[in-house]
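This briefing covers confidence, surface patches and salt bridges in one protein model. Please read it beside the sequence and the coordinates.

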Amino acid sequence: MTALKQEQLFDEIDVLPIDLKTKIVDKILNSINPIDKSMDDLWIEEVNKRKDEIESSKVTLVSGDEVFRKIANRLK
């Protein structure tokens, strides 16, 4: 693609509505790094497992402030 055609493309993109721009970005990203459905399925399984653990009180939640405080104490 010539530099002139690229500039024309960029100019066209600039005037598009945001929703269409985000669709274009998503399509470009998927062409660079295709979605791995099996990986998505594994993440969904993990999220559901953690949700179940929280709802059944098998785990105790810790606030973000407490986590960062503990990290800061370790780094002292």
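Ile71 is located in helix H4 (helices are DSSP runs of H or I with at least four residues, strands are runs of E with at least two, and both are numbered from the N terminus). The model is a predicted one, in which local features need pLDDT of at least 70 and side-chain atom pairs count only at pLDDT 80 or more, while totals for chains, interfaces and linings use all residues. Residues are numbered from 1 along each chain as its sequence is written, and side-chain values use heavy atoms, with hydrogens and water left out.

**Confidence**

- The protein chain has a mean pLDDT of 94, and 100% of its residues reach 70 or more; pLDDT is the predictor's confidence in each residue, from 0 to 100.
- Among the elements of the chain, helix H4 (residues 64-75) has the highest mean pLDDT, 96, and H1 has the lowest, 93.

**Nonpolar surface patch**

- Val62, Val67, Phe68, Ile71 and Leu75 make up a nonpolar patch on the surface, and together they have about 500 Å² of accessible area.
- Patch members have over 30% relative accessible area and no salt bridge; like charges are joined within 9 Å, and nonpolar side chains (Val, Leu, Ile, Met, Phe, Trp, Tyr) within 5 Å.
- Accessible areas come from the Shrake-Rupley method with a 1.4 Å probe, and for residues only the protein chains shown count as cover.
- Ile71 counts as partly exposed because its relative accessible area is 39%; buried means under 20%, exposed over 50%, and partly exposed in between (1.4 Å probe, protein chains only).

**Negative surface patch**

- Glu7, Asp11, Glu12 and Asp14 form a negative patch on the surface.
- For charges, Lys and Arg count as positive and Asp and Glu as negative, with His and the chain ends not counted; the place of a charge is NZ of Lys, CZ of Arg, CG of Asp or CD of Glu.
- Glu12 belongs to helix H1 (residues 3-14), and its relative accessibility is 56%, so Glu12 counts as exposed.

**Salt bridges**

- The whole structure contains five salt bridges, each defined as a side-chain nitrogen of Lys or Arg within 4 Å of a carboxyl oxygen of Asp or Glu.
- Arg50 and Glu46 pair at 2.8 Å, N to O; both lie in helix H3 (residues 37-55), four residues apart, about one turn of the helix.
- Arg50 is partly exposed at 49% relative accessibility, and Glu46 is partly exposed at 23%.
- Glu55 and Lys51 form a salt bridge at 3.5 Å, N to O; they are four residues apart in helix H3 and therefore separated by about one helical turn.
- Glu55 counts as exposed because its relative accessibility is 57%, whereas Lys51, at 42%, counts as partly exposed.
- In helix H4, Glu66 and Lys70 are four residues apart, about one turn of the helix, and their side chains meet in a salt bridge of 3.3 Å, N to O.
- Glu66 is partly exposed at 29% relative accessibility, and Lys70 is partly exposed at 45%.
- Glu46, Lys49 and Arg50 are joined into one network by salt bridges that share partners.

**A position in helix H2**

- Val25 is part of helix H2 (residues 18-32), and at 46% relative accessibility Val25 counts as partly exposed.
- Val25 and Ile13 are twelve residues apart along the chain, and their C-alpha atoms are separated by 11 Å.
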